[in-house]
Amino acid sequence: MSGPQCCSNPPTIHPSSGSGHVEKIGGLDSYVTGSPDSKLAILLVSDIFGYDAPNLRKLADKVAAAGFFVVVPDFFYGDPFVPGDDGSYATLPTWLKDHGADKAFEESKPVLEALKSKGVSAVGAAGFCYGAKVVVELSKHDFIQAAVLCHPSFVTLDDIKAVKIPISILGAEIDQMSPPEVVKQFEEALTAKSEIKCHVKIFPKVAHGWTVRYNVEDEAAVKAAEEAHQDLLEWFLNHVK
């Protein structure tokens, strides 16, 4: 592998993809889709490749079709991670220093405030890879009502122990960032807290990033991603009301 697993299969970016549009929410350019009159909103936090990845926007549209107003903010201000011309990831540590998940966590607060000021009464959040770290930070407070972490990166056992809301974790069998044994530790920590509703699932034969960085022409990859999307959607339908 030419770089860390969190960066494998970078998407081809299409800023005009999706059936929604881009507008400012809480000061950030955001892809928005679904009825702006919905009282239920979902925040999707992208991986390091940013908010205009086509599969991520397609998922946002799918969640919106279930009745949610969906927001995908650009926490990177138009500067997502781009591998070198030779496909290398040598610049990733420097990029991460300038685009820390702690910064994105702080910047998500005005986005959530803006949603509440629009009349939204409940919010769920899903994070992918890097984005899962942002969402787990939100989950330690009452900013959101439910969370989904998809193939999380940088999430620790201490993070999981501090979660205070219903949370679903969707892990991959082939994942260096959150291997199955780590995801199982997450599950044990959550089930030990009987007051926290949780769902943990490890998908066989898939690799880190499979929910949003799949090849649309690979039937098995699409099927695995769609199963995860359905789990994500059902979690929100049950817990964001």
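These are my notebook entries on the cores, helix packing and a few single residues of a predicted model.

**Entry 1: the cores**

I started with the nonpolar cores. The largest one has 48 residues. I looked up which of them have the most contacts inside that core, and got I144, L149, I160, I169 and L190. Then I asked which helix gives the most to this core, and it is helix 3, residues 101-117, with seven residues.

I picked L190 for a closer look. Setting aside residues up to four places away in sequence, L190 touches I160, V163, I167, I169, I196, C198 and V200. Two of these, I160 and I169, are also on the list of residues with the most contacts in the core.

There is a second core, separate from that one, with 32 residues. A53, A64, F203 and A224 are among them.

**Entry 2: helix 4**

Next I went to helix 4, residues 130-138. How many of its residues are buried? Nine of its nine residues are. I wrote them down: Y130, G131, A132, K133, V134, V135, V136, E137 and L138. So K133 and E137 are on the buried list too, and under 20% relative accessible area is what counts as buried.

I then checked what covers them. The cover includes three strands: strand 3 (40-45), strand 5 (122-128) and strand 6 (146-150). Helix 2 (92-98), helix 3 and helix 5 (157-161) are also part of it.

**Entry 3: helix 3 on helix 4**

Since helix 3 turned up in that cover, I looked at how the pair packs. The two axes come within 9 Å and cross at roughly 60°. Helix 3 and helix 4 are therefore oblique to each other. The crossing is right-handed.

From helix 3, the contact uses A101, A104, F105, S108 and L112. From helix 4 come Y130, K133, V134, E137 and L138. Sorted by class, I get seven nonpolar, one polar and two charged residues.

**Entry 4: helix 1 on helix 7**

I did the same for helix 1 (residues 54-64) and helix 7 (residues 219-239). Their axes are 11 Å apart, at an angle of about 40°. That makes helix 1 oblique to helix 7, because an angle over 35 degrees no longer counts as roughly parallel. Helix 1 passes helix 7 in a right-handed crossing.

On the helix 1 side I find L59, K62 and V63. They meet E226, H229, L232 and L233 of helix 7. The classes here are four nonpolar, one polar and two charged.

**Entry 5: L56**

While in helix 1, I stopped at L56. Is L56 buried or exposed? L56 is buried, with a relative accessible area of 3%. Leaving out neighbours within four places in sequence, I list L44, S46, G50, Y51, V72, F128 and V212 as its contacts. I also noted P11, which is 45 residues from L56 in sequence, with the two C-alpha atoms 9.7 Å apart.

**Entry 6: positive phi**

Last, the backbone. Most residues other than glycine have a negative phi, so I noted the exceptions I came across. Y77 has a positive phi of about 50° and is not a glycine. Where does Y77 lie? Y77 is in the loop between strand 4 (69-73) and helix 2.

F154, also not a glycine, has a positive phi of about 70°. F154 belongs to the loop between strand 6 and helix 5. I checked exposure as well: F154 counts as partly exposed, because its relative accessibility is 36%.

Conventions. Residues are numbered from 1 along each chain as its sequence is written. This is a predicted model: local features need pLDDT of at least 70, side-chain atom pairs count only at pLDDT 80 or more; totals for chains, interfaces and linings use all residues. Side-chain values use heavy atoms; hydrogens and water are left out. A nonpolar core is a set of buried Ala, Val, Leu, Ile, Met, Phe, Trp, Tyr and Cys residues joined through side-chain atoms within 4.5 Å. Buried means under 20% relative accessible area, exposed over 50%, partly exposed in between (1.4 Å probe, protein chains only). Helices (H or I, at least four residues) and strands (E, at least two) are DSSP runs, numbered from the N terminus. Contact means heavy atoms within 4.5 Å. Axes are lines fitted to C-alpha atoms, for helices over the stretch in contact, and angles run from 0 to 180 degrees between N-to-C directions. Angles under 35 degrees count as roughly parallel, over 145 as roughly antiparallel, 65 to 115 as roughly perpendicular and the rest as oblique. A crossing is left-handed if the near helix is turned anticlockwise from the far one by less than a right angle, and right-handed if clockwise. Ala, Val, Leu, Ile, Met, Phe, Trp, Tyr, Cys and Pro count as nonpolar, Asp, Glu, Lys and Arg as charged, and the others, Gly among them, as polar.
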